[in-house]
Amino acid sequence: MDNNDILRRLRYALELNDKTMVKIFGLADYNVSREQISQWLKKEGDLDFKPCNDSLLATFLNGLINHKRGKREGEQPKLEKRLSNNIILMKLKIALNLKSEDILHLLELADFILGKHELSAFFRKKGHKHYRECKDQVLRNFIQGVQFKYRDGKELEPAFVWKIPK
């Protein structure tokens, strides 16, 4: 998934309007115009499309953390120049104040089953022997689960549920 797609999906899943998006960037000490946001949200074939680089998406995610959890005292987190799906997942986990069980539940809402140990591997440091790269499919399904929970307001029952016979 590219950064523009992630930005588009998050905007839809969290029901963020242009004014809120401008505010979120502002909370990360970055001023953007409504026109810039509109250009980042366009599809790639559109004439007004502008690519959203890793620094811009990191700025948005840091602003989202500040928007949802409040701005922390003192120095703000350093912006990543290169983002991975692992970092994006971690920032969304922080912004939405999620525990591992919550993330697993959101993935289940999108009919994606993942084990707790598999999930914890995404949050390890890159050099750790149990580190695992978060693939686009996991991030896409996570954002879809966020949409089901926060936008659609439906707590859908996961498609795959173990039922113990009585």
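Two helices count as roughly parallel when the angle between their axes is under 35 degrees. Keep that cut-off in mind as we walk through this predicted model.

**Stop 1: the α4 and α5 pair**

Start by selecting α4, residues 54-69, together with helix α5, residues 85-95. Their axes come within 8 Å and cross at roughly 15°. That angle falls under the 35-degree limit, and therefore α4 and α5 are roughly parallel to each other. Look at how they pass: the crossing is left-handed.

Now show the side chains where they touch. On the α4 side, pick Leu57, Leu61, Asn62, Leu64, Ile65, Lys68 and Arg69. Across from them, in α5, are Ile88, Lys91, Leu92, Ile94 and Ala95. If you colour this contact by residue class, you should find eight nonpolar residues, one polar and three charged.

**Stop 2: helix α3**

Next, select α3, residues 34-41. Which of its residues are buried? Ile37, Gln39, Trp40 and Leu41 are. Turn on the neighbouring helices to see what these buried residues pack against: α1 (3-13), α2 (18-27) and α4. You have already met α4 as the partner of α5.

**Stop 3: salt bridges**

How many salt bridges does the structure hold? There are nine, and here are some to visit.

Begin with Asp18 and Arg11, whose side chains meet at 2.6 Å, N to O. Asp18 is buried, at 15% relative accessible area, while Arg11 is partly exposed at 21%.

Move on to Asp29 and Lys71, which form a salt bridge at 3.1 Å, N to O. Asp29 sits in the loop between α2 and α3, and Lys71 in the loop between α4 and α5, so this pair ties together parts that are 42 residues apart in sequence. Asp29 is exposed, with 56% relative accessibility; Lys71 is partly exposed, with 41%.

Then select Glu101 and Lys116, where the closest N and O atoms are 2.6 Å apart in another salt bridge. This one links distant parts of the chain: Glu101 belongs to helix α6 (residues 100-109) and Lys116 to helix α7 (residues 116-122), with the two positions 15 residues apart in numbering. Glu101 is partly exposed at 44% relative accessible area, and Lys116 is partly exposed at 46%.

**Last stop: a small network**

Finish by selecting Asp5, Arg8 and Arg9. Show their side chains, and you will find the three residues linked in a network of salt bridges.

Terms used:
Residues numbered from 1 in each chain as written. Predicted model: local features only at pLDDT ≥ 70, side-chain atom pairs only at ≥ 80, totals over all residues. Heavy atoms only, no water. Buried < 20%, exposed > 50% of the residue type's maximum accessible area, 1.4 Å probe, protein only. Helix = DSSP H or I, 4+ residues; strand = E, 2+ residues; numbered from the N terminus. Contact = heavy atoms within 4.5 Å. Axes fitted to C-alpha atoms, helices over the stretch in contact; angles between N-to-C directions. Parallel < 35°, antiparallel > 145°, perpendicular 65-115°, else oblique. Left-handed = near helix turned anticlockwise from the far one by under 90°. Nonpolar A, V, L, I, M, F, W, Y, C, P; charged D, E, K, R; others polar. Salt bridge = Lys/Arg side-chain N within 4 Å of Asp/Glu carboxyl O.
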